[in-house]
Amino acid sequence: MAEKKINGFTVWSAARQNGDSPARAEVETKPVDGSREARTFTVITEHTFRTVIEAKRIADSAVENITYVSRDGVPSPLTY
């Protein structure tokens, strides 16, 4: 799992898959001080992931590229 702290937020990668549906690459943010719940953002791609492992690789890459998190916990840029 890729994880880093930016602008008072912890940012980390995640991947999920429910049943037969395609896996999703996600990035989550949460204030370091725990003042709010975590927010989850889906990494949008031009293709689908067959496995959680593939989705996780893209989510890790997205976290590495994030350079800023807004006061509302929105990461930027959200690219891979």
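**Figure 1. Length and buried face of helix α1 in the predicted model.** Helix α1 comprises 14 residues, residues 52–65, and at 1.5 Å a residue it should span 20 Å. The C-alpha atoms at its ends are 20 Å apart, in agreement with that expectation. The buried residues of the helix are Ala55, Lys56, Ile58, Ala59, Ala62 and Val63. Viewed down the axis of α1, these buried residues fall within an arc of 165°, so they line one face of the helix. An α-helix has 3.6 residues a turn, so residues three or four places apart point the same way. On the other side of α1, the exposed residues are Ile53, Arg57 and Glu64.

**Figure 2. Packing of α1 against strands β1, β2 and β3.** The partners of the buried residues of α1 are β1 (3–6), β2 (9–16) and β3 (24–31). Among the buried residues of the helix is Val63, and Val63 is also one of the residues touched by Trp12.

**Figure 3. Surroundings of Trp12 in strand β2.** Trp12 has a relative accessibility of 17% and therefore counts as buried, the cut-off being under 20%. Beyond residues up to four places away in sequence, Trp12 touches Met1, Ala2, Glu3, Glu26, Val27, Glu28, Thr29, Lys30, Ala38 and Val63. Trp12 and Lys30 are 18 residues apart along the chain, and their C-alpha atoms are separated by 9.0 Å.

**Figure 4. Asn7 and Gly8 in the loop between β1 and β2.** Asn7 is not a glycine, yet its phi is positive, at about 50°. The relative accessible area of Asn7 is 45%, and the residue is partly exposed. Gly8, also at 45% relative accessibility, likewise counts as partly exposed. Leaving aside residues up to four places away in sequence, Gly8 touches Lys30, Pro31 and Val32. Between Gly8 and Lys30 the C-alpha to C-alpha distance is 8.6 Å, with a sequence separation of 22 residues.

**Figure 5. Contacts of Arg36 in the loop between β3 and β4 (39–42).** With a relative accessible area of 37%, Arg36 is partly exposed. Its contacts, not counting residues up to four places away in sequence, are Phe9, Lys30, Pro31, Arg71, Asp72 and Gly73. Lys30 and Pro31 are also among the contacts of Gly8. Arg36 and Ala55 are 19 residues apart along the chain, and 26 Å separates their C-alpha atoms. Ala55 belongs to the buried residues of α1.

**Figure 6. The cis peptide bond from Ser76 to Pro77.** Omega for this bond is near -15°. Pro77 lies in the segment that follows β6 (75–76).

**Figure 7. Lining of the largest pocket.** The largest pocket holds about 190 Å³ of space. Its lining consists of 15 residues, and those nearest the pocket centre are Pro22, Ala23, Arg24, Ala25 and Thr42. Classified by type, the lining contains six nonpolar, seven polar and two charged residues.

Methods
Residues numbered from 1 in each chain as written. Predicted model: local features only at pLDDT ≥ 70, side-chain atom pairs only at ≥ 80, totals over all residues. Heavy atoms only, no water. 1 Å grid on protein atoms, 1.4 Å probe; cavity = no way out; pocket = protein on both sides within 12 Å on 5 of 7 lines; lining within 4 Å. Points joined across faces, edges and corners; volume = space filled by probe spheres on them. Nonpolar A, V, L, I, M, F, W, Y, C, P; charged D, E, K, R; others polar. Helix = DSSP H or I, 4+ residues; strand = E, 2+ residues; numbered from the N terminus. Expected span 1.5 Å × (residues − 1). Buried < 20%, exposed > 50% of the residue type's maximum accessible area, 1.4 Å probe, protein only. Arc of directions from axis to C-beta. Contact = heavy atoms within 4.5 Å.
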